[in-house]
Amino acid sequence: MTEKKDLLITCKEATLLICKNQEKAITLKEKIKLKAHLLVCRVCDLFNIQSNLIHQHYTKMNAENIETYSLKLDATKKEALQHHLDIELEK
Amino acid sequence: MLNPKNWINFYADYLLNYAYFRVRNRELAEDLIQERFISALKSQHTYNGTANEKTWLTAILKNKIIDYYRSSLSKQSKITDSINGNTNNDFFNTETSFHWFEKKQPQDWNNTEKSIESAEFNAALANCMQKMPEKLAVVFSLKYIDDEATETICKEVGITSSNYWVMIHRAKLQLRECLEKNWFIK
């Protein structure tokens, strides 16, 4: 009986295990508990699917080296900085 | 070979974006890259020629950002309070043995036309990253953008492994919710 009870985890625990699973930092026992939870909990199952989607997006972004922002430093600031560096270079 | 004459031209914009994505404050990002160019110049002798110039400059900037994180984290005493156990209970109801609060439950994204593949999604993601509290964004970006090992992050930022998981857990709960509200289901 106690073993059966051990299998049950809360949604809070399940979502934490989902995070650990994504980083492959989950033990076998935890994985079993998570699987069992996901079979009966649609909400956590959705969380699992969606956070995997976000996770994959990051992996892809890193692999393709996508720049998420495209800021430019002002030309005047660049000049000032270049000037500063030139002075340092001459030292 | 390092060629400091070209640094600003070649790398200033790249490094600005790099810093901004992490510290999420333009002025601060600009200050950080300025400081970094100067100190890179002074530490040219440490360049051993194995990495390329861009990688080398990025690595020095990254160290500077980690220093900044560390000092900013140590100033916020509340961090330790909020990562000691009680956190994330705004998503899960303690009175119903930690079921999701109804208004916090993930909604199905399949009924929406919105896709994660579009360019606008990246903007939504960036916005949600901006909304993340700094301490979470720090840990999250080190892991998901810089792909650092968890042990390294804990050591660099000065947190325990269980703090790390609480923070990643929270970051993901918040990020998913934010994307749902601001992108998938508006």
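**The interface between chains A and B**

In this predicted model, the side chains of Asp86(A) and Lys5(B) come together in a salt bridge, with a nitrogen-to-oxygen distance of 3.2 Å. On the side of chain A that touches chain B, the elements that contribute two or more residues are helix H2 (11–22), helix H4 (42–64) and helix H5 (75–90) of chain A. Of these, H4(A) gives the most to that side, with 14 residues.

The salt bridge between Asp86(A) and Lys5(B) belongs to an interface for which five salt bridges are counted between chain A and chain B. Polar contacts between chain A and chain B, counted where both residues have a pLDDT of 80 or more, amount to 16 residue pairs. In terms of residues, 41 of chain A are in contact with 57 of chain B.

The size of an interface is often expressed as the accessible area that is lost when the parts come together. For chain A and chain B, the area buried between them is about 4700 Å², and carbon and sulfur atoms give 66% of this area.

A further feature concerns the surface of chain A, where Leu7(A), Leu28(A) and Ile32(A) form a nonpolar patch with about 290 Å² of accessible area together. One of these residues, Leu28(A), lies in helix H3 of chain A, which comprises residues 28–40. Leu28(A) has a relative accessible area of 65% and is therefore classed as exposed, the cut-off for this class being over 50%.

Key: Residues numbered from 1 in each chain as written. Chains lettered and ligands numbered in written order. Predicted model: local features only at pLDDT ≥ 70, side-chain atom pairs only at ≥ 80, totals over all residues. Heavy atoms only, no water. Patch = residues over 30% accessible without salt bridge, like charges linked within 9 Å, V, L, I, M, F, W, Y side chains within 5 Å. Areas by Shrake-Rupley, 256 points an atom, 1.4 Å probe, with all protein chains shown as cover. Salt bridge = Lys/Arg side-chain N within 4 Å of Asp/Glu carboxyl O. Helix = DSSP H or I, 4+ residues; strand = E, 2+ residues; numbered from the N terminus. Buried < 20%, exposed > 50% of the residue type's maximum accessible area, 1.4 Å probe, protein only. Contact = heavy atoms within 4.5 Å. Buried area = accessible area lost by both parts, 1.4 Å probe. Polar contact = N/O pair within 3.5 Å; in protein donor to acceptor, adjacent residues only side chain to side chain.
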